[in-house]
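User: Please walk me through the structure below, one helix and one sheet at a time.

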Amino acid sequence: MTFRRVIYNSISSCNQHLKSVYFKPREVHRCVAIKSKMSLNEAKKIAAYRAVDEWVKNNTAVGIGSGSTVVFAVDRLAQRVKEEKLEVVCVPTSFQARQLIVENGLVLGDLDRNPQLNVAIDGADEVDKDMVLIKGGGGCLLQEKIVASCAERLIIIADYTKNSHKLGEQYKKGVPIEVVPLAYVPIREKIQKQFGGELKLRMAVAKAGPCVTDNGNFILDWNFPQDVNFHWSDVNRDLLMIPGVVETGLFVNMAQKAYFGMADGSVKTQDK
């Protein structure tokens, strides 16, 4: 069988280290297929755009979530407001979300003036087959859950890596638990004794010491045992009963629909 010499430039996704390499014809086709695979950011974008197009209406109040996927949702919302002259009030779930709203020229609201929201659009770290979510990878779980609880509908947007059959299948950082700083050690010990697994105090990236939430609290990341079939609504309730636990990153019976941008360019939806 003859070989073809295929030349790639230095940024080719199919050849990160070599400027040229020999392939059989069928290997060339395989390389083209890999190159056409959608990036995670592109997958996030198509999920976010579709959700905003389907759920945001005129004269409504919208909860704006936090995280990398929400950036695309706000971008699309700003486009629609400009093109369609929509009147939409945006209620943020974090400092990041507030900045996105302001930077895109959208109307900034709050729960004092908008205690009832038509819809909240937010990302997730993982979504299981029962639409139970892990959220809080970005440290905004408390405000995200408050805003979601005020919305008629919670719509989740994510890329395909966040879609799992079971929690912990793809997201390996555990369940975030926001706690009062003075109680983090006894809380850690109680959870490990009651449920197993391991809890670690989340550390800050650009400062010495622990990560501090927008609310002045610490976060414990619970790497729960994978060989236990937890009933997550019961676990969530029991965690919240521990004095000093402010909120958990378990969102149970809250999301109505999820949009996942897939590697092939399609959008997969999941309903509760």
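What follows is a short set of questions and answers on a helix and a sheet.

Analyst: This is a predicted model, in which local features need pLDDT of at least 70 and side-chain atom pairs count only at pLDDT 80 or more, while totals for chains, interfaces and linings use all residues. Residues are numbered from 1 along each chain as its sequence is written, and side-chain values use heavy atoms, with hydrogens and water left out.

User: How far apart are the end C-alpha atoms of helix α3?

Analyst: Helices (H or I, at least four residues) and strands (E, at least two) are DSSP runs, numbered from the N terminus. The expected span is 1.5 Å times one less than the number of residues, so the 17 residues of α3 (residues 68–84) should span 24 Å. The end C-alpha atoms agree with this, being apart by 25 Å.

User: Which residue just after α3 takes a positive phi?

Analyst: Within α3 the buried residues (under 20% relative accessible area, 1.4 Å probe, protein chains only) include F72 and L77. Just after the helix, a positive phi of about 60 degrees is taken by K85.

User: Which strands stand at the edges of the open sheet of four strands?

Analyst: The order is β11-β12-β10-β13, with antiparallel pairing, where two strands pair if DSSP finds at least two bridges between them. Each edge strand has a single partner strand, so one side of each is left without a neighbour in the sheet. The edge strands are β11 (198–201) and β13 (245–248).

User: What is the bridge partner of I177 in β13?

Analyst: Strand β10 (residues 175–179) and β13 pair in the antiparallel sense over three bridges. In β13, the partner of I177 is T248.

Methods. Buried means under 20% relative accessible area, exposed over 50%, partly exposed in between (1.4 Å probe, protein chains only).
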